[in-house]
Amino acid sequence: MVQIRISDGILEGEMVQNIYGGSFYSFKSIPYAKPPIGDLRFKAPQPVEPWNYIRNAKDSGPESYQSDSFFQKKIFGQEDCLYLNVYTPDLKPYKSFPVMVWIHGGGFLSGSGNDDMYGPEFIVNKDVILVTINYRLGALGFLCLDTEEIPGNAGMKDQIAALRWVQNNIENFGGDPSNVTIFGESAGAACVSCHLISPMSVGLFKRAIIQSGSITNYWAKCQKPRDRALILAKKLGCFTENDEELAKFFKSLPVESLIQIKLPITASENFIEKIHLYFAIVDEKKFGNNERYFYENGLTLNIHQGVDVIIGYVEHEGIIGLKTDKDLSVILDHANFYPEYFAPKSMAFKTTVMEQLEMGKRIKKYYFREDIISIENLEQLVNFLTAELFVYGIIVFARFVAQSKKNKMYMYKFSCKSKRNIFTKIFGADNVLRNKTFVCHADDLGYLFPMEVLLEDVDMNSKEYEMIQTVTKLWTDFAKFGCPTPDKSAGVEWAPYTLKKQNYVNIAEKVIACEEPEKEDIIFWDKIHAHHFPHYAFYPKVMTKVKVAEGILEGVKETNKYGGEFYSFRGIPYAEPPIGHLRFKAPQSKKPWKGVRQARYHGSKCYQYEYIQNAIQGSEDCLYLNVYTPELQPDTPFPVMFWIHGGGLVSGSGNDNMYGPEFLVKQGVILVTINYRLEVLGFLCLHTKDIPGNAGMKDQVAALRWVQKNIRNFGGDPQNVTIFGESAGGGCVSFHCLSPMSKGLFKRAIIQSGCATSWLSNISMPRERAITLAKELGCTSENDDAIYAYFKNVSVHQLVNKKIHLTLLEISKKYIHSSFGVVKEEEFPDVERFFSENVYDAIRKGFHEGIDVINGYTENEGIIFLAGDRDMKEILSQANNYPEFFVPKAFELSYPISTQIEIGKKIKKYYFQNSKVSNDTMDQFLKFVSAESFIYPAILMQKTVAKLKKNKMYFYKFTCKSERNVFTQYIKVSDMFKNVTVVCHGDDLPYIFPFREINQEIEINSRAYKMIDKVTKLWTNFAKFGNPTPDGFKGLKWNPYTTEDEHFMDIGEDLKIGCSPDEEEVEFWNNIFKEYHPQISIQ
């Protein structure tokens, strides 16, 4: 027996004779953290409690509780599972041994580091120490509620705890803590790749070997983890969505109930027979001082500098894709009849079904041409699965590492074939693949470990043992020297992989040096991603750096499919995260950062309920912007166009799934898009110093100030900034034209389908709404400090998708309702006010003097009213039976019901005469909505500002019609307009932005693209010159709008000059307001 003292106590291990020569010391079942049971379930591991006795370390420790569907086909293990094993050639060597830490695979659901699979005999023979670990699996290790109690990644933090244990203790086993190599296969390899990125892993290892998996494989990251956790709770009988109750429920469950449950969140996941992992690594939210393992999509973080890497794959990885719960005929049916079977799951949550069908067809054709998929060509299906499940993602990660130029990296393809290749049989695919020898996923393991539970002892004179010697020497030489072939004893020099020279070796019976792994397939998959998912960094990009006031940013040079190139810098923080005590406060200046900040990926959007996807998304940490520029050092600085997205102030973002730069930057301008706080987070107002309101507007001001300070560094002109926005974004733009905070931050403004004079932008009684919301959430106090403390600390989950009604009328009236918007702020010491007067009084004082303005609306704005699964039967009933249904919001709280009935009857008669409001008169109903909510407010503002003659004003009506008019589809009402093309609220957007969300390719020579080119030229000409038609564009001159002639431009397939748009209808509405509410009339 052998005893050794470590930091926590004394261990008693044993010396073991190695049947492959020599001996080694074995110490098993060493606790590296406290048992994660009881209240510690799902929590980060806690330090182990020391012991004062001699602890037996001769037997393997318990595995994480699991159902093993691969090998033992049974349920076993314990929650008390945080143990590791150390195997060392010598306890007191002349020179400390390199250390290799093995992280087992098993789909994050099964497996262990115990020696029935991962014995040390082959590796310790090469004079290295082997450490193997157990960590929490399945729900125990990877359940995520996005809460402080269950933040996710517990299993990854277990691995961190084990690596920290190695740093503290491995010297006692003869090991060198400064020379640690981590290595793993499959899910274990994905873990290793994450440790290369995670800030928690910095300094814990020197080298890494990534075998058959990486974080860029779709299965390595859990999509929608909270949704899956909620499904699990419901399947187990808990239907609450309260965070505390859920945490209590999950902690109280018997461990047996947490395994063998499928958690699909889409019908396709439930139906299509492909690999689905329901627990995996997640992007963690920030909670207090909690250490986060992985966040911001991971790849926005830096690869740890100086860590050497080996990465690779086996020849036929995809065979594991044939292992499902169904027989092969089901897989073949899905592959033959449903093209989206072939669509990469990495894109499934980011693309439409139509786009998945399109890419699925392209992929299927590439691998099978027009052939029926059957057992006869099953190897082609394996090739597809190999690329989709493993190889392409692995190549992507290799490129990501190579791109940093801070790490020496080697790549391999594993092709060894012998009796040790057993996994085709284990996965049940040997018969259908006609008993040929393949190199299946996991077949490399038998050349690194004895795997006594699966394989017989190997003859040391056999071909198999020669290959084992070759592989283990490559791996252990890399661990020792950072080079797998320091003496070229393998008969080859394994050259590093770089983006310029993509070297790799094929490890077979002989090791052969090669270049450009899977070249043809990778080119094909690059094209798929470039076409359908262009911002996803799955192919090499030219990186470029820009210095801003806060530090250095690294962005990307991109090819514009519509011509030319541009530089993109995404996810730039323009203020400190508005979290904790900064919730509801004005944005604070961003603190400088050290080093280079990656700007390749978008920052988080504001936490929100996304109606189209019926999902909650985003983060409170959301104050990010994106800059797209045609050139970084132009001879003359570019005009800057600053986009403010719409979404009713409750949803949306500036991200390029909707607001990509390609159409605009092609015209020689810089595009800036922003995220800002929404709904409660951005527009709650208590009329107190702590929650004064308008936080989301102040975010926009902070972003505009950032532009003034930094845009020169991107080739932009801070003296020529045009702000523009649509819908709620248009309303924001018009408020910036009025706000003293915004004065001097821009030169021009474009207001699309929304303005400050629309009731949609103005919220009545905001304090009362805030107090009502507090009561709905459980806070009954009306004390300002108590309400603020409650709102500041309440879970963000409870602050989205809120409809706050103050009156029975608001509850019962089935009309568009807005609970949060711009408010008239009260004055408080040291609090800058965004807006502080009645909006109609402010309009009559005018916009900031000298700014140029375009303002307008689309032809059929009112269709937006139909969005949101409205009960049209009830709406039509109210419109027919209650005249006050038609009364504008401005009258609801301030006028007696008798007056409202009188007004309502006049409006109803104007639009419907004596007809019934019904589906047959829907056009008239939508015309009413358009005028009441959009057209009259726009013309009221236009005429009022134009009358002051302090601004050059232009006006338009948007009537373009083509396949780009998709908003009726987008808001799910296209069935109502089957035989007619309408110009819905929002239909102008796809003529300004590529709008990838709609999955529509546009040919440059098409009729639609000609309209796109026309619209973007008008907009960018205005941004450049203050005139949309400076050179008689298209033979027309768009004259400014004045009160004398009321010029406007009808922007359709043909441009048409007109005067006084929708004159009769506007006059009707103005007479209504003159008679009943003169302050809101055109004077």
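1. A good place to start is Arg5, which sits opposite Ile10 of strand 2 in this predicted model. Five bridges link strand 1 with strand 2 (residues 9–17), and the two strands run antiparallel. Two residues lie between strand 1 and strand 2, and the pair forms a hairpin.

2. Strand 1 itself, residues 2–6, is worth a look for its side chains, which alternate along the strand. Val2, Ile4 and Ile6 are buried and point to one face. Gln3 and Arg5 point to the other face and are not buried.

3. Stepping back to the whole chain, you will find 28 helices and 30 strands. The chain has a radius of gyration of 32 Å, close to the 31 Å from the globule rule for 1083 residues, so it is as compact as a globular protein of that length. Along the principal axes, its C-alpha atoms fill a box of roughly 100 × 65 × 55 Å.

4. On packing, 63% of the 1083 residues count as buried. Among contacts in the chain with a separation of 6 or more, 74% come from residues 24 or more positions apart.

5. Now the surface: the accessible area of the chain is about 40,900 Å², and carbon and sulfur atoms account for 48% of that.

6. Finally, a word on charge. The chain carries 124 positive and 131 negative charges, and the mean positions of these two sets are 3 Å apart.

Terms used
Residues are numbered from 1 along each chain as its sequence is written. This is a predicted model: local features need pLDDT of at least 70, side-chain atom pairs count only at pLDDT 80 or more; totals for chains, interfaces and linings use all residues. Side-chain values use heavy atoms; hydrogens and water are left out. Buried means under 20% relative accessible area, exposed over 50%, partly exposed in between (1.4 Å probe, protein chains only). Helices (H or I, at least four residues) and strands (E, at least two) are DSSP runs, numbered from the N terminus. Two strands pair if DSSP finds at least two bridges between them. The radius of gyration is taken over C-alpha atoms; the globule rule is 2.2 Å times the number of residues to the power 0.38. Contact means heavy atoms within 4.5 Å. Accessible areas come from the Shrake-Rupley method with a 1.4 Å probe; for residues, only the protein chains shown count as cover. Lys and Arg count as positive and Asp and Glu as negative; His and the chain ends are not counted. The place of a charge is taken as NZ of Lys, CZ of Arg, CG of Asp or CD of Glu.
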